[in-house]
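Hi everyone, thanks for coming. I've got a protein model to walk you through, so have a look at the screen and follow along with me.

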Amino acid sequence: MKFLYDPPLLIKRLFKDFCWQTSNNKILLTLDDGPNPRSTEKILNLFSKLEIKALFFCVGKNVERYSEWTKNILNEGHIIGNHTFNHKILTRLNKIDSLEEINSFNSLMIEKYDRKVKYFRPPFGMVNFKTKKLMKETGMKCVMWNLLTYDYKKDIKKVKFSVNNYLQINSMIVLHDSNKTEDIIEDSIKYIVDAVSKNGFDFGVPEECLK
Ligand SMILES: [Zn+2]
């Protein structure tokens with residue numbers, strides 16, 4: 001299924017064990033696809049200035065390849081979630097390969113960074129009933145969203161449109177930490193921060209937002 005900015009209620013009901021919004025009426029920023037040598041630094045510098053803690057849904061092969069940036073994300077107090085090892089669409093894989101995509105990521109995080117990974121986000125948001133079972137079997141929480149910014153379209157106007165129309169008190173916002181967004185990611189984050197403040201909302205920290 002293809003999602004719009006905010007996925008339909010029917011889908012949220014079918015997959016009600018998944019997180020579709022924050023649970024504490026705070027805003028949470030999530031960054032998919034990193035780490036990336038061209039965008040992660042920009043994002044971390046800005047978050048440090050703004051005192052924001054975010055959830056980075058990293059791809060295992062990037063974690064392996066860009067281990068300095070992985071360390072920096074963790075050292076800055078952010079949380080890393082599982083976005084599969086190879087950015088694979090799980091709904092197209094059999095069970096053994098799906099488990100391998102999830103478990104190899106988690107093993108890497110334990111062995112190299114001493115972190116137990118709790119949160120999972122499926123690449124392209126593709127889920128089905130098998131995903132529910134996989135989450136149970138691996139003990140992971142599936143974290144979806146209620147505000148997709150389309151930042152990967154490299155057009156700040158699209159990001160602004162999504163924020164203007166879909167920002168809510170409990171927004172779980174998807175941004176991307178990748179080559180595609182490196183030119184607009186700082187302006188996108190700044191725009192979100194302004195909108196959050198104008199609406200009187202607050203940012204939360206990942207663990208608290210996902211209870
Ligand atoms: Zn992705």
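Let's go straight to Asp155 and Lys158, whose side chains meet in a salt bridge, with 3.9 Å from N to O. This is a predicted model, by the way, so keep that in mind as we go. Are these two buried or exposed? Asp155 has a relative accessible area of 22%, so we call it partly exposed. Lys158 comes out at 33%, so it's partly exposed too.

How many salt bridges does the structure hold? The count is 8, and I'll show you a couple more of them.

One of them pairs Lys118 with Glu207, and there the closest N and O atoms are 2.8 Å apart. Lys118 is in the loop between H5 and strand S4, while Glu207 is in helix H9, so this pair ties together parts that are 89 residues apart in sequence. Lys118 is partly exposed, at 40% relative accessible area, and Glu207 is partly exposed as well, at 31%.

Another one joins Asp6 and Lys12, again with 2.8 Å between the closest N and O atoms. Here the two partners fall into separate classes: Asp6 is partly exposed because its relative accessibility is 24%, whereas Lys12, at 15%, is buried.

Okay, on to the cysteines. How many disulfides does the count come to? It comes to 0. As a reminder, a disulfide is a covalent bond between the sulfur atoms of two cysteines. So why doesn't Cys19 have one? The closest cysteine sulfur to its own is in Cys142, and that's 8.1 Å away, which is too far for a bond. For Cys58, the closest cysteine sulfur is also in Cys142, but at 16 Å, so that's too far as well. Both of these cysteines are tucked under cover, if you like: Cys19 is buried at 12% relative accessibility, and Cys58 is buried at 0%.

Staying with buried residues, find Asn106 in helix H5, which runs over residues 95-113. Its relative accessible area is 14%, so it counts as buried. Which residues does Asn106 contact, leaving aside neighbours within four places in sequence? They are Asn82, Val117 and Met140. With Asn82 there's also a polar contact between the two side chains, at 2.9 Å.

Now for the surface. Leu10, Leu14 and Phe129 form a nonpolar patch there, and together they have about 320 Å² of accessible area. Leu14 sits in helix H1, residues 9-14, and it's partly exposed, since its relative accessibility is 38%.

Last topic: the backbone. Most residues other than glycine have a negative phi, and most peptide bonds are trans. With that in mind, which two residues are joined by a cis peptide bond? It's Gly34 and Pro35, with omega about -10°. Pro35 is in the loop between strand S1 and helix H2.

As for phi, look at His87, which isn't a glycine but has a positive value near 55°. You'll find His87 in the loop between strand S3 and H5. Asp114 isn't a glycine either, and its phi is positive too, at about 55°. Asp114 belongs to the loop between H5 and S4, and at 66% relative accessibility it counts as exposed.

That's me done, so over to you!

Note on methods
Residues numbered from 1 in each chain as written. Predicted model: local features only at pLDDT ≥ 70, side-chain atom pairs only at ≥ 80, totals over all residues. Heavy atoms only, no water. Patch = residues over 30% accessible without salt bridge, like charges linked within 9 Å, V, L, I, M, F, W, Y side chains within 5 Å. Areas by Shrake-Rupley, 256 points an atom, 1.4 Å probe, with all protein chains shown as cover. Salt bridge = Lys/Arg side-chain N within 4 Å of Asp/Glu carboxyl O. Helix = DSSP H or I, 4+ residues; strand = E, 2+ residues; numbered from the N terminus. Buried < 20%, exposed > 50% of the residue type's maximum accessible area, 1.4 Å probe, protein only. Polar contact = N/O pair within 3.5 Å; in protein donor to acceptor, adjacent residues only side chain to side chain. Contact = heavy atoms within 4.5 Å. Disulfide = S-S within 2.5 Å.
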